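Open the model in a viewer and keep the sequence panel visible. The stops below are meant to be selected in order.

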Amino acid sequence: MATSTGKRVGLSREKVLRTALELAERDGVEKLSMRRLGTALGVEAMTLYHYVPNKAALLDGLVELVVRDVRPDFTGPPAEWPSRLREFAVRFRAELLRRPGVIPLVATRPAGSAGALRAVESAAALLVAAGLDPVAALRVVNSVSTLVVGHCLAEAATTPGHGEETEPELDLADFPVLAAAVAGGLGTAQDHQARFDLALDALLAGLVAAVG
């Protein structure tokens, strides 16, 4: 039976968000509601508002958890910002692919909670210490984050339309270059990794050249 007092069931903001993240991963973010979350936690939905004031704050909290679990490290000499951002990108991709059900949420909802913004702030601060102005620093951080999220959307195939019935199979003989690429491993896990590395290294090299 659901209870109405959060203190009696040992709730905390962290527990509420972790449970919401589990539900979102299992059922999809679109099915997440305060009522479903309350049922999963054994409390009335109204109890949850002691920990998250509304649905928007709940979704912001999910993005925060994903970013926090990446455990970004932006310490070290400012001149090492490219390697710090690369490490962040690799960890961010791994975390998103571990939770494909929430990738669309991360892709469409900017960091809005204090917890998520701390990671953005620390990354931008490292770049500012390296000589960039704040606007340029955030453009660099956003460029890397956008690359990671976009790549993961394609790799995990979690956007609307994936998995639905498609056109009949094509005759690859009509597409010899594509056929050779498929035979060479196009679309495999190794290929996704190679594509990500190629794009990330090219982006970072371009950013270094652009901002110095």
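Helices and strands here are DSSP runs, a helix having at least four residues and a strand at least two, and they are numbered from the N terminus. The model is predicted.

**Whole chain**

Start with the whole protein chain in cartoon view. Nine helices and zero strands are assigned to the protein chain, so its pattern along the sequence reads α-α-α-α-α-α-α-α-α. Along the principal axes, the C-alpha atoms of the protein chain occupy a box of roughly 60 × 55 × 20 Å. Colour by relative accessibility next: 36% of the 212 residues of the protein chain count as buried.

**Residues 10-70 and 33-52**

Select residues 10-70. An unreviewed UniProt entry annotates residues 10-70 as "domain: HTH tetR-type". In the model the span of residues 10-70 is 64% helix and 0% strand, and its end C-alpha atoms lie 26 Å apart.

Now narrow the selection to residues 33-52. Here UniProt, again in an unreviewed entry, places the feature "DNA-binding region". Residues 33-52 are 40% helix and 0% strand, with 12 Å between the end C-alpha atoms.

**Helix 1 and helix 2**

Select residues 13-27 for helix 1 and residues 34-41 for helix 2. How do their axes meet? The axes of helix 1 and helix 2 come within 10 Å and cross at roughly 110 degrees. Angles of 65 to 115 degrees count as roughly perpendicular, and helix 1 is therefore roughly perpendicular to helix 2. Helix 1 passes helix 2 in a right-handed crossing.

**Helix 3**

Move on to residues 55-70, which form helix 3. From the first C-alpha to the last, the 16 residues of helix 3 reach 23 Å, close to the 22 Å expected at 1.5 Å a residue. Is helix 3 mostly covered or mostly open? Helix 3 is mostly covered, with 13 of its 16 residues buried.

Show side chains and begin at the N-terminal end of helix 3, where N54 acts as the cap. A side-chain oxygen of N54 lies 3.2 Å from the backbone nitrogen of A56.

A little further along helix 3, select L58. L58 has a relative accessible area of 0% and is therefore buried, the cut-off for buried being under 20%. To place L58 against another part of the chain, draw a distance to T146: their C-alpha atoms are separated by 22 Å, with the two residues 88 apart along the chain.

Then select D69, also in helix 3. D69 counts as buried because its relative accessibility is 17%. Which side chain does the side chain of D69 contact? Its partner in a polar contact is the side chain of R18, at 2.7 Å.

**R71, after helix 3**

Step to R71, the residue that follows helix 3. R71 lies in the loop between helix 3 and helix 4. Check its backbone torsion: phi is positive, about 55 degrees, although R71 is not a glycine. Most residues other than glycine have a negative phi. Is R71 buried or exposed? R71 counts as exposed because its relative accessibility is 63%, against a cut-off of over 50%.

**Helix 4 and its partners**

Select helix 4, residues 81-98, and keep helix 3 displayed. The axes of helix 3 and helix 4 come within 9 Å and cross at roughly 130 degrees. That angle makes helix 3 oblique to helix 4. The crossing of helix 3 and helix 4 is right-handed.

Hide helix 3 and add helix 7, residues 134-156. Helix 4 and helix 7 pack with their axes 10 Å apart, at an angle of about 30 degrees. Angles under 35 degrees count as roughly parallel, and helix 4 is therefore roughly parallel to helix 7. Helix 4 passes helix 7 in a right-handed crossing.

**L172, after helix 7**

Finish in the loop between helix 7 and helix 8 (176-183), where L172 is found. L172 counts as partly exposed because its relative accessibility is 39%. For a last distance, pick the C-alpha atoms of L172 and V182: the two residues are 10 apart along the chain, and these atoms are separated by 9.5 Å.

Methods
Residues are numbered from 1 along each chain as its sequence is written. This is a predicted model: local features need pLDDT of at least 70, side-chain atom pairs count only at pLDDT 80 or more; totals for chains, interfaces and linings use all residues. Side-chain values use heavy atoms; hydrogens and water are left out. The expected span of a helix is 1.5 Å times one less than its number of residues. Buried means under 20% relative accessible area, exposed over 50%, partly exposed in between (1.4 Å probe, protein chains only). A polar contact is a pair of N or O atoms within 3.5 Å; within protein, one must be able to donate a hydrogen and the other to accept it, and residues adjacent in sequence count only if both atoms are side-chain atoms. UniProt positions are given in the numbering used here, feature names are shortened, and annotations may be inferred rather than shown by experiment. Axes are lines fitted to C-alpha atoms, for helices over the stretch in contact, and angles run from 0 to 180 degrees between N-to-C directions. Angles under 35 degrees count as roughly parallel, over 145 as roughly antiparallel, 65 to 115 as roughly perpendicular and the rest as oblique. A crossing is left-handed if the near helix is turned anticlockwise from the far one by less than a right angle, and right-handed if clockwise.
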